[in-house]
Amino acid sequence: MKLNSIIHRYVLKEMLAPFSINVLVFTFLFLMTELIKITNWIVNYNLSIFSVLTLVFFSMPWFLMFIIPMSVMLAVVLTFLRMSADNEVVALKSCGLSVYGLLPPVLIFSLAGFLVTLFMTLYGVPKAKATVEDMVLEMAASNVDIGLKERTFNDAFKNVMLYVNKIDLGQKKLIDIFIEDKRQRDIVSTVVAPEGRLYSEPGKLIFHMVLSNGTIHQTNLKKHTANSIHFDTYKLSLDLKKELENAEEREKDREEMSIAELQQVVRESTEKDKDYYKAQITIHRRFSLPAACLALGLLAFPLGIQSKSGKRSFGLILCLFFFLLYYLLLTAGYALGKKGIYPPVIGMWLPNLTMAALGVYFLVQATREKTLKIEYFFQRMVQLFSRLRHFKRIQYMTVSEFL
């Protein structure tokens, strides 16, 4: 049967609706995790809605490279769960169409997800990450306080470490301030003040922090001397223009790099340190995540085919279980690969190979009209837990009677 047959087009069309809904729902959930930060930008830092929406837009590629494989898997399983429940699969089999005959549209749909995710990982994420960094620096030029956070050490300015216990954005007032200033050669100045205010000269990109009733502790590393100065008013000036010029020469984050740049980092690494493994993990992840669309799509197909009308919820639970298993393996691979416990290639590709192997096995079982026996496994697990719970209850009753 040709790929452009009516049945294949019908199946592809049926998968588009749940896929679109899944992408929208999961994108919304991901954005909800950023809701507090977005609200903070708008309310406290007076950023325009357009600037916030632009930042959110350029954050989307990072979300989508995880969302698309998830949506592909759920779209496939939901489509065939619905077709199985409506006995459409049985009708197609009675017309002589085998299980393998329904596989081409699944592969085409998964391949489309693979290509979109590959575009996101190779081009979307690096470009978006670099753009977000540039936008944050530009916003800092007009809103220096956007980088200040309560009870957080801030090192945005070179050789200056800022710590503020509390920030009153309405009055531009800072409470309980700690500053470590290393801008003078061989001299480290530590400034402690109970309060201060923040002023800016936006046209000159210069910001002034005026502190009150504080103390300066100066240490001369070359002369090995130290002294303390108490002040009523102390003004600390920060030149953001120099910081922006230095930022243009900053080292790129690994997620901002292209594949060629990451490979160069790997080649130039003199030792297998954390940076070396992180570069390798980033390279393999940019290909393994798109490939997850194929592995998870293949696994979802027999899960949907095998679930009868009375077991639709069970088929969906199985899908979510395997999806969770995939990301647990991926997370473990990332953590262990970053430490060099085993090669990053194994950590990034083992989840795909596991899901693909399970998908092939389940597909063969479905073709032979055999049950997947997963339900039997879960039933046995439930019975085992029930027996353990019953056993603990008996032990508790025995101990209670003894006491």
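Helices are taken as DSSP runs of at least four residues, numbered from the N terminus. In this predicted model, Phe28 lies in helix α1, which spans residues 6-33. Phe28 has a relative accessibility of 48% and therefore counts as partly exposed, the exposed class being reserved for values over 50%. Together with Ile21, Val25, Leu29, Met32 and Leu35, Phe28 forms a nonpolar patch on the surface, with a combined accessible area of about 550 Å². The largest contribution to this patch comes from helix α1, with 5 residues.

Helix α7 covers residues 259-268, and its buried residues are Ile259, Leu262, Val265 and Val266. Viewed down the axis of α7, these buried residues fall within an arc of 120° and so line one face of the helix. Ala260, Arg267 and Glu268, on the other side of α7, are exposed. An α-helix has 3.6 residues a turn, so residues three or four places apart point the same way.

Three strands are considered next. Strand β1 (residues 153-154) pairs with strand β2 (residues 160-168) in the antiparallel sense, over 2 bridges. Within this pairing, Leu162 of β2 stands opposite Asn154. Strand β2 also pairs in the antiparallel sense with strand β3 (residues 173-181), here over 8 bridges. Met161 has Glu180 in β3 as its bridge partner.

Aromatic contacts were also examined. With ring centres required to lie within 6.5 Å, the count of aromatic pairs comes to 14. In the pair Phe80 and Phe301, the ring centres are 4.9 Å apart and the planes stand at 80°, so the arrangement is edge-to-face, a class that requires an angle over 60 degrees. Because Phe80 lies in helix α3 (residues 49-85) and Phe301 in helix α8 (residues 274-306), this pair ties together parts that are 221 residues apart in sequence. Both Phe80 and Phe301 are buried.

For the pair Phe119 and Tyr123, the ring centres are 5.8 Å apart and the planes are at 40°, so this pair is tilted. Phe119 and Tyr123 are 4 residues apart in helix α5 (residues 103-142) and are therefore separated by about one helical turn. In addition, one aromatic cluster is formed by Trp62, Phe66, Phe323, Tyr326 and Tyr327.

Note on methods. Residues are numbered from 1 along each chain as its sequence is written. This is a predicted model: local features need pLDDT of at least 70, side-chain atom pairs count only at pLDDT 80 or more; totals for chains, interfaces and linings use all residues. Side-chain values use heavy atoms; hydrogens and water are left out. Buried means under 20% relative accessible area, exposed over 50%, partly exposed in between (1.4 Å probe, protein chains only). The arc is that of the directions from the helix axis to the C-beta atoms. Two strands pair if DSSP finds at least two bridges between them. Patches are made of residues with over 30% relative accessible area and no salt bridge: like charges are joined within 9 Å, nonpolar side chains (Val, Leu, Ile, Met, Phe, Trp, Tyr) within 5 Å. Accessible areas come from the Shrake-Rupley method with a 1.4 Å probe; for residues, only the protein chains shown count as cover. A salt bridge is a side-chain nitrogen of Lys or Arg within 4 Å of a carboxyl oxygen of Asp or Glu. Rings of Phe, Tyr and Trp (its six-membered ring) pair if their centres lie within 6.5 Å; planes under 30 degrees apart count as stacked, over 60 as edge-to-face and the rest as tilted.
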